Amino acid sequence: MNGPTIWLMVSLLANVGMAVALWRFARTNRHRRDELKHRQQAKIDDNERIAIALEGAELGFWEWDLATDSFRLSARSLAMFGLTSDEEIGATHAAWQARIHPEDLPVVLAKVRAYQENPSERLECEYRVRHRSGVWIWVLDRGRWLGDTGRQLMVGSLLDISSRKEMEQRLLRMAITDPLTGLSNRRAFNERLQLEWARLKRSPEIQAALVLCDIDHFKRINDTYGHGCGDEVLKHFASRLREHVRATDMAARIGGEEFAVLLEAASIEDAQVWAERFRQDAAATAVVCGEVSISYSASMGVAPLDVRLNSSEQVMQQADSALYQAKRQGRNQVVGAQVFQN
């Protein structure tokens, strides 16, 4: 094999080697590009999934720079309060505080201070924020320091929990309210009576009185006109009672046709005057049920919350004894329990 032939073969092999090397380089490059593209797409997919999840969770976000007091809300947070830009709410934390309900603000500030002093605890609180329309929106606020920022930057989320709070309030009302009359029930009245008893124990100079009311011959009303009309009598009595008590007093239905009233800042004499006035009002009105008009009366027993007694239960017993005496003496009258005191 002569020289030119050998040179030609060497040149050919070199070209083939170079081609193979270029092909491998191109393939590696393509794989890298595909992998990079895949990673970028995966990152985009992850961001989209996070965005969808946050959208579904209906979370808003906030950011607070403590160094400048700058406070920013995300678009969803702004929309939560009927706002379109930070300018409408103010771009400082002080402006944000001005939108928090005055009753909730001290609790919120206390929790923020506690978190700043002890960052291991999570900042979490529920409070009301004023909507642009003027109504109050309940929010669940959760926050934390952002990374290693020298404790200058906090971030957090806001969730509208107004529906949950409304449900909680509805359930609470159901637990303490008589469903027929809308007055407080026995459980709520007993709790209030215990609180009042404890208050009078601390301040014996304060006076209060208990009035027990019972609609006379209520079984006869039910038997004569039916339970529907009996319910109307109960509701009518409750409505008249509600009109006679003050905002500081409490009226409740504690039994079938039995009602109780706690009168604050009232002596036994004051309570008897109040009960007599209410008895006359109840006896002077009638309940229209269908085509019939039903007149009724009530008997009442009055007892003072005398802290020389052993318990509030004894006060209830005295008022109940006075009520029994009123019924035994002919009904439709008020009897005071002082005659039963030792």
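Two strands are taken to pair if DSSP finds at least two bridges between them, and by that criterion five strands of this predicted model form an open sheet in the order β7-β8-β6-β11-β12, with mixed pairing. β7 (250–253) and β12 (334–336) stand at the edges with a single partner strand each, so one side of each is left without a neighbour in the sheet. From one strand to the next, the twist averages 15°. This briefing follows the sheet, the helices that lie across it, and a buried aspartate in a loop, D216.

**Strand pairing**

- Strands of a sheet pair through backbone hydrogen bonds, in either the parallel or the antiparallel sense.
- The parallel sense is found between β11 (residues 298–304) and β12, which pair over three bridges, and here V302 stands opposite G336 of β12.
- β6 and β8 pair in the antiparallel sense over seven bridges, with V211 standing opposite V261 in β8.
- β7 and β8 also run antiparallel, joined by four bridges, and the two strands form a hairpin with four residues between them.
- V261 in β8 is the bridge partner of A251 and also stands opposite V211.

**Burial of β8**

- β8 is mostly covered, in that seven of its seven residues are buried.
- In a regular strand the side chains alternate between the two faces of the sheet.
- Both faces of β8 are covered, with E258, A260, L262 and E264 buried on one side, and F259, V261 and L263 buried on the other.

**Helices α7 and α9 across the sheet**

- Helix α7 (residues 186–202) lies across β6 (208–215), β7 and β8 (258–264), and runs at about 30° to β8.
- Helix α9 (residues 227–244) lies across β6, β7, β8 and β11, running at about 5° to β8.
- The 17 residues of α7 reach 24 Å from the first C-alpha to the last, which is close to the 24 Å expected at 1.5 Å a residue.
- At the N-terminal end of α7, N185 acts as the cap, with a side-chain oxygen that lies 3.3 Å from the backbone nitrogen of R187.
- An α-helix has 3.6 residues a turn, so residues three or four places apart point the same way.
- The buried residues of α7 are A188, F189, L193, E196, W197 and L200, and what covers them includes the helices α6 (162–176) and α11 (312–328) as well as the strands β6, β7 and β8.

**The α8–α9 contact**

- The axes of helix α8 (residues 218–225) and α9 come within 7 Å and cross at roughly 140°, and the two helices are therefore oblique to each other.
- On the α8 side the contact involves F218, I221, N222 and Y225, which meet H227, C229, G230, V233 and L234 in α9.

**D216 in the β6–α8 loop**

- D216 lies in the loop between β6 and α8, and because its relative accessibility is 3%, this residue counts as buried.
- A polar atom of the D216 side chain lies 3.0 Å from the backbone nitrogen of N332.
- Leaving aside residues up to four places away in sequence, D216 touches I221, S297, A298, S299, K327, R331 and N332.
- Among these contacts of D216, I221 is also one of the α8 residues that meet α9.

Key
Residues numbered from 1 in each chain as written. Predicted model: local features only at pLDDT ≥ 70, side-chain atom pairs only at ≥ 80, totals over all residues. Heavy atoms only, no water. Axes fitted to C-alpha atoms, helices over the stretch in contact; angles between N-to-C directions. Contact = heavy atoms within 4.5 Å. Buried < 20%, exposed > 50% of the residue type's maximum accessible area, 1.4 Å probe, protein only. Expected span 1.5 Å × (residues − 1). Polar contact = N/O pair within 3.5 Å; in protein donor to acceptor, adjacent residues only side chain to side chain. Parallel < 35°, antiparallel > 145°, perpendicular 65-115°, else oblique.
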